[in-house]
Amino acid sequence: MPAQIQAVKGMNDILPPESALWEWFEAHVRDAMAASAYKLIRTPVVEQTSLYVKGTGETTDIVEKEMYSFEDKLNGDQLTLRPEFTPGIVRAAIEHNITYEGGKRLYSIGPVFRHERPQRGRYRQFYQLDVEALGFGGPEVDAETMLLAHDVLRRLGLSDVRVEINSLGVLSERQAHRAALIAYFESHGDLLDADAKRRLHANPLRILDTKNPAMQEMVAAAPKLTAYLGEASLKRLEAVQAMLAACGLASQLNHRLVRGLDYYNHTVFEFITDSLGAQGTVLGGGRYDGLFELVGGKPTPGVGWGMGVERVLDLVQTQKIWQPASELDAYAIVPDAQALPLVASLLQTLRAAGVRVQQHSSADGTTSGMKAQFKKADGSGAAWALIFGNEELANGQLAVKPLRGQGGEQRLLAVAEAANWAASLKALV
Ligand code: ATP
Ligand code: MG
């Protein structure tokens, strides 16, 4: 036998019945987005590598070690599989000048790729729900995007998610804080790991983001950015928190929340759960007013977030919020292959009338015995078996039998009435 080919490590197949959970998720997302007038955008999964180097930032985990990059063999372009949505959406917004007549509220769902060590809640291909509000500068839109995230989670039945928030202020405030931070870290040079040493001058803020247990205590006592924020930045943070609070959403200030990406300013936030162990951040985001210019556009404010879909669905399953429902109304039993053309046309008529119906089929293509067909019908989750026996068909009829212990008698329906079966089947319940 030829060697079995397996999926790439850290990349998952999404199979039935769990795939229905994904459809359920996406349906709730669509409703939530419509309720806040966010519109769908889809951008390519592949972009120029330079977009992420500039947009995501050279000293980020993503650009330093997590990107799937390759050279286009035909023209030598350096390309990268999307590791996050924001730079691609901003690129598209600039390319099509979509904010020329005002701000745009956008969302997208799709796969992203990061070369990380696979574990629960951490994959190499995973899905993000992404929201971006482009061209709006006020704190009410920071709050709006956060409330939209809350609304998505509420619709999914998830309530025990807490919100952490911080402000990264404006550039001059970050610069003053940065100088204090470098001086502080230099005075604790013996405690810095290799990553931290490398980032000390390139991006010391990122050291606050460290997951190294040996550095936690030292990092916790580092100079806090809020101490360097001016009145306007502090007021803005308060304004966002007040809007959230007015909607019953408590947000906790976390001084060490700096987010892993270079482009943020002012509001940054994460939604975190304690039910998923180490990978508890279900969503992260913030404001990025400088990003458009970084990737070659006109100054345009932006704010948004990315949600890890696998983590959210893990939470939904852990909390047993979702159960697979029956997806079939009727199962067609065909005792004799002669009837197949008629059955095919009747089933199409039924489907057009809104009945979800599946036909029995065997692995080897031969007609199965009645017993085997009934067994499959019972296990199919369908409410009804439709039996297309030759004798009944000769009389212009077929038999309908209730399944799954619904009780009720088997009865006959007229083939000529096929278009009305949908109503007839409902009436039989
Ligand atoms: P972390 O600190 O856990 O690495 P991150 O800051 O890299 O997270 P973001 O870039 O903010 O994550 O991505 C947004 C969301 O995507 C995260 O909050 C998380 O829910 C999810 N996520 C991030 N990386 C992965 C991954 N490798 N596998 C599955 N989900 C992920
Ligand atoms: Mg990461």
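**Exercise 1. A salt bridge between two helices**

Task: In this predicted model, which parts of the chain does the pair R198 and E64 link?

Solution.
Step 1. Find the contact. The side chains of R198 and E64 form a salt bridge, with N and O 2.7 Å apart.
Step 2. Place each residue. R198 sits in helix α7 (residues 194-202), and E64 sits in helix α3 (residues 61-66).
Step 3. Check the separation. The two residues are 134 residues apart, so the pair links distant parts of the chain.
Step 4. Judge the exposure. R198 has 44% relative accessibility, so it counts as partly exposed. E64 has a relative accessible area of 30%, so it is partly exposed too. The partly exposed class runs between under 20% (buried) and over 50% (exposed).

**Exercise 2. A second long-range pair**

Task: Are R236 and D142 buried or exposed?

Solution.
Step 1. Find the contact. R236 and D142 form a salt bridge, and their closest N and O atoms are 3.2 Å apart.
Step 2. Place the pair. R236 belongs to helix α9 (residues 231-246) and D142 to helix α5 (residues 139-155). They are 94 residues apart and link distant parts of the chain.
Step 3. Classify. Both R236 and D142 are buried.
Step 4. Widen the view. Salt bridges that share partners also join D61, E64, K65, D195, R198, R199, R206 and D209 into one network. The count of salt bridges comes to 23.

**Exercise 3. The shell around ligand 1**

Task: Which element gives the most residues to the shell around ligand 1?

Solution.
Step 1. Count the neighbours. Ligand 1 is surrounded by 16 residues, and the closest are R114, E116, R122, R259 and T281.
Step 2. Look at R122. A side-chain N or O atom of R122 is 2.7 Å from an oxygen atom of ligand 1. R122 also forms a salt bridge with E116, at 2.8 Å between the closest N and O atoms. Both R122 and E116 are buried.
Step 3. Turn to the backbone. A backbone N or O atom of T281 lies 2.8 Å from an oxygen atom of ligand 1. For V282, a backbone N or O atom lies 3.2 Å from an oxygen atom of the ligand.
Step 4. Check the cover. Ligand 1 taken alone exposes 590 Å², and the protein buries 89% of that.
Step 5. List the elements. β6 (125-134), β10 (281-287) and β11 (302-308) each give two or more residues to the shell. β10 gives the most, with four residues.
Step 6. Sort by class. The shell has four nonpolar, six polar and six charged residues.

**Exercise 4. Unusual backbone angles**

Task: What kind of peptide bond joins P16 and P17?

Solution.
Step 1. Recall the background. Most residues other than glycine have a negative phi, and most peptide bonds are trans.
Step 2. Read omega. The bond between P16 and P17 has omega of about 5°, and it is cis. P17 lies in the segment before α1 (18-35).
Step 3. Read phi at A37. The value is positive, near 60°, in a residue other than glycine. A37 lies in the loop between α1 and β1. Its relative accessibility is 42%, so A37 counts as partly exposed.
Step 4. Read phi at N97. The value is near 45°, again positive in a residue other than glycine. N97 lies in the loop between α4 (86-95) and β5 (104-113). N97 is partly exposed because its relative accessible area is 34%.

Note on methods
Residues numbered from 1 in each chain as written. Chains lettered and ligands numbered in written order. Predicted model: local features only at pLDDT ≥ 70, side-chain atom pairs only at ≥ 80, totals over all residues. Heavy atoms only, no water. Near = heavy atom within 4 Å. Polar contact = N/O pair within 3.5 Å; in protein donor to acceptor, adjacent residues only side chain to side chain. Areas by Shrake-Rupley, 256 points an atom, 1.4 Å probe, with all protein chains shown as cover. Nonpolar A, V, L, I, M, F, W, Y, C, P; charged D, E, K, R; others polar. Buried < 20%, exposed > 50% of the residue type's maximum accessible area, 1.4 Å probe, protein only. Salt bridge = Lys/Arg side-chain N within 4 Å of Asp/Glu carboxyl O.
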